[in-house]
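User: I'd like to learn how to read charged pairs in a model. Could you walk me through it?

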Amino acid sequence: KHYDNIANLKKVKVPTLFTTGEFDEARPETVHRLSQMVKDAEFVVIPDAAHYTLNDNRPAVVAAIQAFLEKQ
């Protein structure tokens with residue numbers, strides 16, 4: 001309930017992709033803010049999706065992951 005590990009985001013040293021659904025419980029503005037705490041992280045909002053993005057919009061999730069991996 002009170003767990004907070006945000007301070008450790010700055011320790012992440014690997015390519016990182018943050019995704020969230022357009023209508024996710026993890027609101028896009030919150031996930032975007034968290035992604036900015038990881039150096040060189042990428043952030044993608046999956047359109048027409050809630051928290052279960054793979055179920056809601058699988059093609060967009062796969063495209064986001066593929067694009068991210070192609071840059072690595």
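User: Which residue forms a salt bridge with lysine 71, and how far apart are the closest N and O atoms?

Analyst: Happy to help! Keep in mind that this is a predicted model. The general idea is that side chains of opposite charge can pair when their charged atoms come close. Here, the partner of lysine 71 is glutamate 42, with 3.2 Å between the closest N and O atoms. Lysine 71 belongs to helix H2 (residues 53-71) and glutamate 42 to strand S2 (residues 42-46), so this pair ties together parts that lie 29 residues apart in sequence.

User: How exposed are lysine 71 and glutamate 42?

Analyst: Lysine 71 has a relative accessible area of 57%, which makes it exposed. For glutamate 42 the value is 22%, so that residue is partly exposed.

User: How many salt bridges does a search of the whole structure find?

Analyst: The search finds two. Besides the pair above, glutamate 29 forms a salt bridge with arginine 27, where the closest N and O atoms are 3.6 Å apart. Arginine 27 is partly exposed, at 47% relative accessibility.

User: Back to helix H2: is asparagine 57 buried or exposed?

Analyst: Buried counts as under 20% relative accessible area. Asparagine 57, which is found in helix H2, has 15% relative accessibility and therefore counts as buried.

User: And which residues does asparagine 57 touch, leaving out those up to four places away in sequence?

Analyst: With those neighbours set aside, asparagine 57 touches Ile46, Pro47, Asp48 and Ala49. Of these, Ile46 falls within strand S2 (residues 42-46).

Terms used
Residues are numbered from 1 along each chain as its sequence is written. This is a predicted model: local features need pLDDT of at least 70, side-chain atom pairs count only at pLDDT 80 or more; totals for chains, interfaces and linings use all residues. Side-chain values use heavy atoms; hydrogens and water are left out. A salt bridge is a side-chain nitrogen of Lys or Arg within 4 Å of a carboxyl oxygen of Asp or Glu. Buried means under 20% relative accessible area, exposed over 50%, partly exposed in between (1.4 Å probe, protein chains only). Helices (H or I, at least four residues) and strands (E, at least two) are DSSP runs, numbered from the N terminus. Contact means heavy atoms within 4.5 Å.
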